[in-house]
Amino acid sequence: MKVLANDGVSQSGIDALEAAGFEVSTTTVAQEQLINYINTNEIEVILVRSATTVRKDIIDSCPSLRIIGRGGVGMDNIDVDYAREKGLHVINTPAASSQSVAELVFAHLYGGVRFLHDSNRNMPLDGDTQFKKLKKSYAKGVELRGKTIGIIGFGRIGQEVAKIALGVGMKVIASDLFIDKADVKVEFFNGQYITTSIETQSMESVLKEADFLTLHIPAQKDYVIAEKEFGMMKDGVGLINAARGGIINEVELVKALEAGKVAFAGLDTFQDEPKPAVQILMNGKISLTPHIGAATNEAQDRIGTELASQITNILLVGKK
């Protein structure tokens, strides 16, 4: 049985699949050539991340396919319902990358409150000639401890963000359309832990109360954060999006940054990905990463082995 990991998969995932008897290809096939490649090589399983899409054309044209796997959480690049109607299994790894995304949120937060994203641009250029001037420019940082973080979307990733925030000493508030309350367990290195219960509240109240906001929701048809929502926020708020591009109106974000309504933003996903707007890329108040929320060695190992386990259970264990 053949598996095509078109957007790559960890070596641990490859090892697990091969140990179960699968033939794994990590060839990156161009989108327009996928149908021919799948049919020529009789691929039964295709694994993708965010680069490759699996739409109706592939589902209808590739009778050998039995499983579509997404290495990560969101499956907006797959026609999930249609695939399942056609009898295909569609799998993903919703928990494997949660901690990695949450840590990236705090990388952006710490970078924002201490101006690291901007100082790392300017120190190589002017650090030797304008050291004192730069020191003065970046001398008004703030601490996260004691501040309020608002989490919009309180699923697995949102709750992982909450764990770090609680450990930092922040007040955590959250909004979610489907979750009323969550028990968040903060674990320490020595096996000890604390558990705290967090009740969600309206998005409007979170927007009004939070010193920092972070988004953890799926792709939407419309903006979640636009002019109206920016107007509700505190002056000088910090805003992080490591979820999906298109949930923030980036034109309004730039306006809010210029007006001081938003002090800084951290973006890992973009409205026009993979070609973010120049106004976003060149803005000194925005910390930028190229959609790497799940891109840690640990997360990719978890993703690979979890996909391998699911594939094995579906195609091999299910036969016994």
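Here are some notes to help you find your way around this structure, which is a predicted model.

1. Let's start with the sheet that includes the N-terminal strands listed here. Five strands, in the order β2-β1-β3-β4-β5, make an open sheet with parallel pairing. The edges are taken by β2 (23-25) and β5, and each has a single partner strand, so one side of each has no neighbour in the sheet. On average, neighbouring strands here are turned by 20° against each other, direction ignored.

2. Inside that sheet, have a look at β1 (residues 2-5) and β3 (residues 45-48), which pair in the parallel sense over 3 bridges. L4 stands opposite I46 of β3. Two helices lie across strands of this sheet. Helix α2 (residues 34-41) lies across β1, β2 and β3 and runs at about 155° to β1. Helix α13 (residues 297-315) lies across β3, β4 (67-70) and β5, at about 155° to β5.

3. S97 is worth a stop on the way. This serine sits in the loop between β5 (89-92) and α5 (98-113). Is S97 buried or exposed? Its relative accessible area is 3%, and the cut-off for buried is under 20%, so S97 counts as buried. Leaving aside residues up to four places away in sequence, S97 touches V73, A294, A299 and I303.

4. Now for another open sheet, this one of 6 strands. The order is β7-β6-β10-β11-β12-β13, and the pairing is parallel. β7 (171-175) and β13 (286-288) are the edge strands; each has a single partner, so one side of each is left without a neighbour in the sheet. The average turn between neighbouring strands is 15°, direction ignored. Helix α8 (residues 156-168) packs on this sheet and touches β6 (148-152), β7 and β10 (212-215), with its direction at about 170° to that of β6.

5. At the β13 edge, 3 bridges join β12 (residues 262-267) to β13 in parallel. One pair to look for is G266 with its bridge partner S287 in β13.

6. The hairpin of β8 and β9 is a good place to see side chains taking sides. The two strands pair in the antiparallel sense over 7 bridges, and A182 has I198 of β9 as its bridge partner. Five residues lie between the strands, and G191 in the turn has a positive phi of about 90°. Which side chains of β8 point to the buried face? They are A182, V184 and V186, whereas K181, D183, K185 and E187 point to the other face and are not buried. This fits a general pattern: in a regular strand, side chains alternate between the two faces of the sheet.

7. Still at the hairpin, F188 lies in the loop between β8 (181-187) and β9 (193-199). F188 is partly exposed, with a relative accessible area of 40%. Together with F189 and I194, F188 forms a nonpolar surface patch of about 390 Å² of accessible area.

8. Finally, some backbone details to check. Most residues other than glycine have a negative phi, and most peptide bonds are trans. E42, in the loop between α2 and β3, has a positive phi of about 50° although it is not a glycine; E42 is exposed, at 56% relative accessible area. H291, in the loop between β13 and α13, has a positive phi near 55° and is partly exposed at 26%. The peptide bond from E273 to P274 is cis, with omega near 10°, and P274 is in the loop between β12 and α12 (278-281).

Conventions:
Residues numbered from 1 in each chain as written. Predicted model: local features only at pLDDT ≥ 70, side-chain atom pairs only at ≥ 80, totals over all residues. Heavy atoms only, no water. Pairing = 2+ DSSP bridges. Helix = DSSP H or I, 4+ residues; strand = E, 2+ residues; numbered from the N terminus. Axes fitted to C-alpha atoms, helices over the stretch in contact; angles between N-to-C directions. Contact = heavy atoms within 4.5 Å. Patch = residues over 30% accessible without salt bridge, like charges linked within 9 Å, V, L, I, M, F, W, Y side chains within 5 Å. Areas by Shrake-Rupley, 256 points an atom, 1.4 Å probe, with all protein chains shown as cover. Salt bridge = Lys/Arg side-chain N within 4 Å of Asp/Glu carboxyl O. Buried < 20%, exposed > 50% of the residue type's maximum accessible area, 1.4 Å probe, protein only.
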